[in-house]
Each structure stands twice: as structure tokens, then as C-alpha cells.
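This report introduces a protein structure to a reader who has not met it before. It considers helices and their surroundings, and then a sheet.

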Amino acid sequence: MDITPQEFPLNLPGGFSGNEATKAADPLHARALVLTDGTTTLALVVVDNLGLAPETIEEAKTLAAKATGLRADHMLIASTHTHSAPVSNGTQGPALAYRKLLIEGIAQAITKAHAALKPASLGVGVQPLPEEVFNRRWFLKPGKMQANPFGQMDTVKMNPGNSPDVLDRPAGPVDPDITVISVRDAKNKPLALFANYALHYVGGVPAGTVSADYFGEFARLMPNRLRAGSDFIAMMANGASGDINNIAFGMIRPPREPFEQIRIVAGKAADAAFFAAARAEYRNDAQLAMVEREVTLSYRKPSEQQIKHAKEVLAITDEAELAKLPRLADHYARRTLTAAERPGSVTVTIQAIRIGDFCIVGIPFETFVEIGLDLKKRSPFARTMVIGLANGRHGYLPTPEQHRLGGYETWLGTNYVQEDASVILSDQLVEMMKQIAPKK
């Protein structure tokens, strides 16, 4: 379903400076794949959005459940994390109109997919695409680290630039694999393709412009790659990529025109998905299962000293004194005070889905790649797909080890929940995978 906004201006929430959109360069979509084995029916949905608010998702699930009879806890609704899409929970004007369009579009995508159920076979394939994923957290050479917004020194830095005089080594790994679920109809004709790649958005979109980023371009290219018909649907979900982006640190790329890097990455991803689908082993008797859990996590709270420091920063009005502050000090002072006003805890939704001997897990965070790799390693399934920003967005999810290194994704105000949240959620997901795994 086309969910491109029709009314402007709209706030695009990515980044620290205001970015008000006045036009759309390419369409945004909600794309749905519904599967049934005759006993269990489930929906996998990918939405072109930075990170859908949990309450927006719940409204869409309620609408779709009413229209189809599908269980709301058998729907996974994930965001692509394009930084060029409007907020999902606006309350007035064009933003409120967009929220209504978004909710109805998601529900209609599920409803249309459910109405189009037909006999099919399904295969899972994997193809590496290592040259477009880069860990964005780096150790720097001695003396090159600058104070963070709180006036403290981190051990690693996000997006450190390309200077050889500054860079030492990446602070974490990457996951190079594109994993696909390829669906064919009874005549072996391509019907759908659901892909997953551990890569943040690409960017290079002009300010003030709505775009689906490489996720949308990938979906546009795939019908030609597979020589599919007009009823074919492709979608790309965001993997465990909280610390992964498309910036080649330590290397220099030629300058790109707007959208050029998006097209490059999407084209390579479409090629990789083609090969993954071609090598998949297809079967029409895959057993389905799905489990969902709600997990309560503690919100991080600032100390009295941190609150005092934040108030002192925000009280400064002298331009010369403001210039002495670390970059983003005022932003994170405000975020510190916001964190102090949060309730004690938040309940998040995690999911595990069985499709034959393949598993999908959904996590409602910008999930670090280490967590995705760990879940794949610990999974009892032959292959596992990890989808980030599934059923909500609750900030970044680093590992405890990465928390100790500091950096943007671990700062109070960027990371919202307790520092061992990744351990709690991973252990729960492994339990859930074991619960639905094929019996040996």
C-alpha cells in the first residue's frame, strides 16, 4: 500500500537539526506477506518509516485483525529506518493526517495480502554482500578523542571521519549476509521476496525531501531481477544494524549526487537477493509457528549530579560560554532532564517465528550487530533472520561490552533502557526459538 504523505510540511525526525519535508522524491510503502500452513497464519510487514511508535503499530494491528480474523500477536510489523520519512504519531495538522494514512495503509496491506492467499512454495537463501556494511564505532589513535556532550571522554567514537591520523580500528564486527525468504506460486512463478540486511539507511537524500532510501529502491528493482509479474511484492527489512552504516571509514569515495549511493547499494542488494533466491531449496509443506512475549525493562535514569549538570548547561546564555561547551551539550542536557521524568520501566514486545527449519526474531530496538550475530549462533534453527525495529522503536540496544566503551549509541538520551537489556532479550529470544524449533 502506498503510504506517501499527501499533506505537507511534515517533520522528518532523523538527526539533531530540524528537517521539514515539503515534497516526496519517491513513494513510501507498507508491504505485507501473509503465510499460512492451514493451522497457523501470520503476517510479516515492512513499513518505510524511521521507527513506528508502538501505539501506532497496535492500532494498525487492531484494524487488520478486525478485517481478517488474524491474531494481532501473529503480526510482525517492522520499520525500515529510512531517515527521510515522517513521524508516525503526529497529533495535529498534516502529521495527524499522515498518522491516519499510515495506520490504514498498514492494515490494508495485511488485509490485501490475506485476501490474496494461494498455494505456494517457499525457500530461504543467503548471499553475502560485505562491501556495503561498515561498523561505525571506532577506536581512535591516542589523543584524538574529544569530550562527549556530557563533558566526559568515551573510548570509541561513532562516525569518526576518514583521517588516517585519527582512526585506529573498528570497535565491532559486521554481518555481511543478505537473507531472503523467496515465495513462488504453484506454477513456480515468483510471488514475493522478503529480504533482510544488517545495514542502516544509506542517506544522500536532499533536505526537505521524503524518500524510502535504499529499501524502497531495492523493492522497485526486484521484480525485474526475478522477471516477476505485476502481483509480485518485494521488501527489505532492517537487520541488526544499530552500529552499522554505509560509510567506508578509512577509505575515500568519489562524491555522489543525491540518491546515487542509494541506487548503488540497492542494485548490489538486489543482485545478492537474486542469487540467494536462486539457490534456495523450495518446499510447500513448511510448518509455521509464532510466539510473542512482553518483557519489562527498567528505564535508565540520570543521577542527581547529572541532573544538576544538565540544568547548569541549559542555564548558560552567554555566547562565549556556550561556544566552550562540547558539541550537542544542550541537546543531551534536555534529554537528561527528559530521562529523569520517565516512569520506572517500559514493556517491549519480542517475537520468534518458525517457517519450517528457518526462524525470524523481531526486536523493537536499533539492535547492535553483535546481538544479531549472537542470536544466529545460538539459534537451534538451520538459519535465522534478525529484524530490528520490529513492533516499535525504543532507542539503541548495545551490548554491555559496548556500553563500557561509550559512544553515541550508549549515551543517556540515546539509549533508554538498562545496560544489560540486550542480555535479557537475547536469552528470552533463545528460549522462544527453542520452544518452536523442530523436534529432533
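What covers the buried residues of H2? The cover includes helix H1 (54-68) together with strand E1 (10-11), strand E4 (30-36), strand E5 (41-47) and strand E6 (75-79). The model is a predicted one. Among the residues of H2 that are buried are Tyr98, Arg99, Leu102, Ile103, Ile106 and Ile110; Ala95, Gly105 and Ala113 are also buried there.

The spans of two helices are set out below.

| Helix | Residues | Number of residues | Expected span | Distance between end C-alpha atoms |
|---|---|---|---|---|
| H2 | 93-115 | 23 residues | 33 Å | 33 Å |
| H4 | 260-279 | 20 residues | 28 Å | 29 Å |

For H4, the distance agrees with the expectation, because 1.5 Å a residue leads to a span of 28 Å and the end C-alpha atoms lie 29 Å apart. The buried residues of H4 include Gln261, Ile262, Val265, Gly267 and several alanines, among them Ala266, Ala269 and Ala277. The buried part of H4 packs against helix H3 (213-225) and against four strands: E7 (120-128), E12 (177-185), E13 (190-197) and E15 (233-238).

These strands also form a sheet. Its 4 strands follow the order E7-E12-E13-E15, and the sheet is open, with mixed pairing. E7 and E15 are the edge strands, each pairing on one side only. From one strand to the next, the twist averages 15°. E12 and E13 are paired in the antiparallel sense over 7 bridges, and Val180 has Ala195 in E13 as its bridge partner. Helix H3 packs on this sheet and touches E13 and E15; the direction of H3 makes about 155° with that of E15.

Definitions and conventions. Residues are numbered from 1 along each chain as its sequence is written. This is a predicted model: local features need pLDDT of at least 70, side-chain atom pairs count only at pLDDT 80 or more; totals for chains, interfaces and linings use all residues. Side-chain values use heavy atoms; hydrogens and water are left out. Helices (H or I, at least four residues) and strands (E, at least two) are DSSP runs, numbered from the N terminus. The expected span of a helix is 1.5 Å times one less than its number of residues. Buried means under 20% relative accessible area, exposed over 50%, partly exposed in between (1.4 Å probe, protein chains only). Contact means heavy atoms within 4.5 Å. Two strands pair if DSSP finds at least two bridges between them. Axes are lines fitted to C-alpha atoms, for helices over the stretch in contact, and angles run from 0 to 180 degrees between N-to-C directions.
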